[in-house]
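Please examine the sequence and the structure shown below. The paragraphs that follow lead from one helix to its surroundings and then to the rest of the fold.

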Amino acid sequence: MSPSIKYVSGNHTDVGKKREINQDSFGSATNEWGELFIVADGMGGHKGGEIASKISVESLCSDFKNASLNISPSVFLDRAIQNAHEKIVNKAVDSTELKGMGTTVVAVIIKDDQAQIAHVGDSRFYLFRKEDIWFKTKDHSLVQNLINQLQL
């Protein structure tokens, strides 16, 4: 049996300096795999970003609570994010004023000394340990693609 690690989670959102609406959503859920933590940030400047982020968090948390434990947590994360994406697209099709809405997602499942991470967009996952910080994801963005090309 793997030793358990101690971790602390918390959350805080801020509307920022450019927006009038906070498009951040966060949530958590528990099942036999451990704990799921998710943060979604609606795409600023797009209509309905706050709706897209809420749909994403609610969908992943619901899917996690009802997950088939016959697949791996990493496969679950991939499928659950795809499922949330489909719900967002369908909502945008149903409401023309929400056309183009979207969100970033970062999610982690933690159990014992294991963590499964998934992300889409430029929401990041950081690991803090004592005084050190590690970036555990790279943005899915034009800027990150340019940085990657420069590092060849």
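In this predicted model, the buried residues of helix α1 are covered by elements that include β1, β2, α2 and β3. Those buried residues are Gly49, Ala52, Ser53, Ile55, Ser56, Val57, Ser59, Leu60, Cys61 and Phe64. The helix has 17 residues, which should span 24 Å at 1.5 Å a residue, and the 25 Å between its end C-alpha atoms agrees with that value.

Phe64 deserves separate attention. Leaving out residues up to four places away in sequence, Phe64 touches Ala29, Thr30, Asn31, Trp33, Gly34, Glu35, Leu36, Phe76 and Ile109. Phe64 is also one of the residues that touch the most other members of the largest nonpolar core, together with Leu36, Ile38, Leu60, Phe76, Leu77 and Ile109. This core comprises 19 residues. Two or more of its residues come from each of β2 (34–42), α1 (49–65), α2 (73–94) and β3 (103–111). The greatest contribution is that of α2, with 5 residues. A second core, separate from this one, has 6 residues, among them Ile88, Ala92, Leu98 and Met101. In soluble globular proteins, nonpolar side chains tend to be buried together.

Helix α2 may be considered next. With 22 residues, α2 reaches 31 Å from its first C-alpha to its last, close to the expected 32 Å. Which residues of α2 are buried? They are Phe76, Leu77, Ala80, Ile81, Ala84, Ile88 and Ala92. Seen down the helix axis, these buried residues fall within an arc of 140 degrees, and they therefore line one face of α2. An α-helix has 3.6 residues a turn, so residues three or four places apart point the same way. The buried residues of α2 pack against β2, α1, β3 and β4 (114–120). On the face turned away from the buried side, α2 carries the exposed residues Arg79, Val93 and Asp94.

Strand β4 contains Ala115. Is this residue buried, partly exposed or exposed? Ala115 has a relative accessibility of 44% and therefore counts as partly exposed, since the partly exposed class lies between 20% and 50%. Apart from its neighbours within four places in sequence, Ala115 is in contact with Val108, Ile109 and Ile110. Ala115 and Glu35 are separated by 80 residues in sequence, and their C-alpha atoms are 9.6 Å apart in space.

The strands also contribute to a pocket. The largest pocket has a volume of about 1,200 Å³ and is lined by 36 residues. Of these lining residues, Val8, Ser9, Val108, Phe125 and Tyr126 lie nearest the centre of the pocket. The elements that give two or more residues to the lining are β1 (24–31), β2, β3, β4 and β5 (126–129). Val108, one of the residues nearest the pocket centre, is also a contact of Ala115.

The overall arrangement can now be set out. The protein has 3 helices and 6 strands, which run β-β-α-α-β-β-β-β-α from the N terminus on. Of its 152 residues, 34% are buried. Among contacts between residues at least 6 apart in sequence, 54% join residues at least 24 apart.

Note on methods: Residues are numbered from 1 along each chain as its sequence is written. This is a predicted model: local features need pLDDT of at least 70, side-chain atom pairs count only at pLDDT 80 or more; totals for chains, interfaces and linings use all residues. Side-chain values use heavy atoms; hydrogens and water are left out. A nonpolar core is a set of buried Ala, Val, Leu, Ile, Met, Phe, Trp, Tyr and Cys residues joined through side-chain atoms within 4.5 Å. Buried means under 20% relative accessible area, exposed over 50%, partly exposed in between (1.4 Å probe, protein chains only). Helices (H or I, at least four residues) and strands (E, at least two) are DSSP runs, numbered from the N terminus. Contact means heavy atoms within 4.5 Å. The expected span of a helix is 1.5 Å times one less than its number of residues. The arc is that of the directions from the helix axis to the C-beta atoms. On a 1 Å grid over the protein atoms alone, a cavity is a set of points where a 1.4 Å probe fits but cannot get out, and a pocket is an open set with protein on both sides within 12 Å along at least five of seven lines; lining residues have an atom within 4 Å of a point. Grid points are joined across faces, edges and corners, and a volume is the space filled by probe spheres set on the points.
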